[in-house]
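Please open the model in a viewer and keep the selection panel at hand. The tour below proceeds from one selection to the next.

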Amino acid sequence: MSKFWSRTAREAEPYVPGEQPSDVNVIKLNTNENPFPPSPLALEAMEQSINADLKKYPSPTADRLKAVIAEREGVDVNKVFVGNGSDEVLAFAFQAFFDPNEAIKMPEITYSFYPVYANLYDIPFQQIPLQNDLSIDVEGLKRSVGGVIFPNPNAPTGLALSRVEVESIVAHNPNQVVIVDEAYVEFGAESAISLTKQYPNLLVTKTLSKSHALAGLRVGYAIGDVALIEGLERIKNSFNSYTINRVSLAGAEAALADEPYYDETLQAIVKTREWVTHDLEQLGFWVAESKANFLFVKPNGIGAETLYQQLKARGVYIRYFNKPGLEGYVRISIGTDDEMKRLIDIIQALI
Ligand code: PMP
């Protein structure tokens with residue numbers, strides 16, 4: 001705290017990201033990164049970009065990246081917005097679509113950046129408890145005053161709503177914006193992007209951080225009605241007209257174009273998720289039915305916090321949330337088969 005800080009800085013409650021240990025030998029299963037390297041074509045495109053044109057500003061409109069995304073998602077290019085990771089896209093969306101005097105709704109257990117943004121932008125919010133089976137309460141998210149935001153699949157549970165359930169939330173908030181954060185959708189959930197054709201109040205956000213192994217590049221995007229995209233552009237251009245740097249643009253375009261590599265790595269992660277789920281269940285752990293690249297797990301025979309600490313002491317990082325409602329659980333990102341075998345071996349020895 002300093003006397004020079006504004007009220008906003010004094011009252012901010014910053015998000016605390018998962019640990020990023022510098023030791024490269026650590027098995028990192030705590031921040032839902034992709035265990036595979038990015039597409040070799042993306043690496044090549046970035047190298048070329050560094051050699052060719054870093055002295056020039058990047059495209060302020062990122063038209064080429066938007067065109068690649070539009071083609072991939074089957075939408076018009078003017079329905080695409082791009083930003084530095086979906087975190088930035090979400091920050092712009094909070095400013096563009098939510099108002100300080102109108103409470104928005106979000107699940108009570110969800111991505112913890114949402115309350116951070118709501119506090120930062122003075123937007124009141126109502127947190128709707130999860131159902132007993134930990135799924136999102138669809139009825140509870142209907143009829144909001146100021147808008148709705150939720151991830152599908154939810155984080156940190158990995159549980160997904162069907163497209164029909166998402167649609168019912170969107171349809172029951174006709175005069176509010178509903179943001180569906182699809183950071184993990186590619187790992188097995190149904191995307192709501194096709195619904196943006198019918199619903200002018202639906203904004204879907206996605207990221208290249210997980211599915212395309214480019215968390216370090218910081219590229220995310222949103223798909224929605226043209227008027228919503230224009231709202232996002234207004235906020236972006238009031239803040240920084242060149243949000244995405246040249247290297248990231250080149251890498252993202254090439255990564256999205258490399259479908260075979262994407263398919264292969266995605267399938268490998270889903271396959272690993274299935275056998276790890278089975279093995280953890282065999283050990284007596286409860287595992288939520290994940291449609292994401294992580295597992296939400298209630299350990300048995302060992303406490304959640306102890307498991308986190310014991311694994312960390314052995315060089316394996318998982319996520320433990322010291323928060324009401326989450327104390328009994330850990331979240332484990334899906335790594336390579338070798339990493340997950342090591343995880344299971346350690347757990348077996350611990351319990
Ligand atoms: N949404 C959810 C639900 C997430 O878990 C994350 C990753 N922490 C993000 C959005 C942000 O991802 P990125 O900014 O890397 O696109």
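**First selection: the annotated lysine**

For the feature "modified residue: N6-(pyridoxal phosphate)lysine", an unreviewed UniProt entry lists Lys 210. UniProt positions follow the numbering used here, feature names are shortened, and annotations may be inferred rather than shown by experiment. Residues are numbered from 1 along each chain as its sequence is written. The model is predicted: local features need pLDDT of at least 70, side-chain atom pairs count only at pLDDT 80 or more, and totals for chains, interfaces and linings use all residues.

Lys 210 is placed in the loop between β7 (202–207) and β8 (220–224). Helices (H or I, at least four residues) and strands (E, at least two) are DSSP runs, numbered from the N terminus. Is Lys 210 buried or exposed? Lys 210 is buried, because 25 other C-beta atoms lie within 10 Å. The scheme calls a residue buried if 20 or more other C-beta atoms lie within 10 Å of its own, exposed if 12 or fewer, and partly exposed in between, with C-beta atoms placed from the backbone.

Next, display the contacts of Lys 210, leaving aside its neighbours within four places in sequence: they are Asn 32, Asn 34, Ala 183, Tyr 184 and Asn 293. A contact requires C-beta atoms, placed from the backbone, within 7 Å.

**Second selection: the ligand shell**

Select the ligand and the residues that surround it: Gly 85, Ser 86, Asp 87, Tyr 111, Pro 151, Ala 155, Asp 181, Ala 183, Thr 207, Ser 209, Ala 215 and Gly 220. The criterion is a C-beta atom, placed from the backbone, within 6 Å of the molecule. Which helix supplies the largest share of this shell? Helix α4 (residues 85–97) does, with 3 residues. Coloured by class, the shell shows 5 nonpolar, 5 polar and 2 charged residues. Here Ala, Val, Leu, Ile, Met, Phe, Trp, Tyr, Cys and Pro count as nonpolar, Asp, Glu, Lys and Arg as charged, and the others, Gly among them, as polar.

**Third selection: backbone features**

Go to the loop between β5 (148–151) and α6 (163–171), where Pro 153 lies. A cis peptide bond joins Asn 152 to Pro 153, with omega about -5 degrees. Pro 156 is also in the loop between β5 and α6, and a cis bond links Ala 155 to Pro 156 at an omega of about 5 degrees.

Now move to Asn 32, in the loop between β1 (27–28) and α2 (40–53). Its phi is positive, near 55 degrees, although the residue is not glycine. Asn 32 is buried, with 24 other C-beta atoms within 10 Å. Leu 134, in the loop between β4 (125–128) and β5, likewise has a positive phi, about 75 degrees. Leu 134 counts as partly exposed, since it has 18 C-beta neighbours inside 10 Å.

**Fourth selection: the core**

The largest nonpolar core contains 97 residues, and those with the most contacts inside it are Ala 93, Ala 222, Ala 252, Ile 318 and Val 330. Helix α4 gives the largest share of this core, 8 residues. Such a core is a set of buried Ala, Val, Leu, Ile, Met, Phe, Trp, Tyr and Cys residues joined through C-beta atoms within 7 Å. Beyond its neighbours within four places in sequence, Ala 252 is in contact with Leu 65, Leu 208, Leu 214, Leu 217 and Val 219.

**Final view: the whole chain**

Zoom out to the protein chain, which has 11 helices and 13 strands. Buried residues account for 45% of its 351 residues.

Methods: Contact = placed C-beta atoms within 7 Å.
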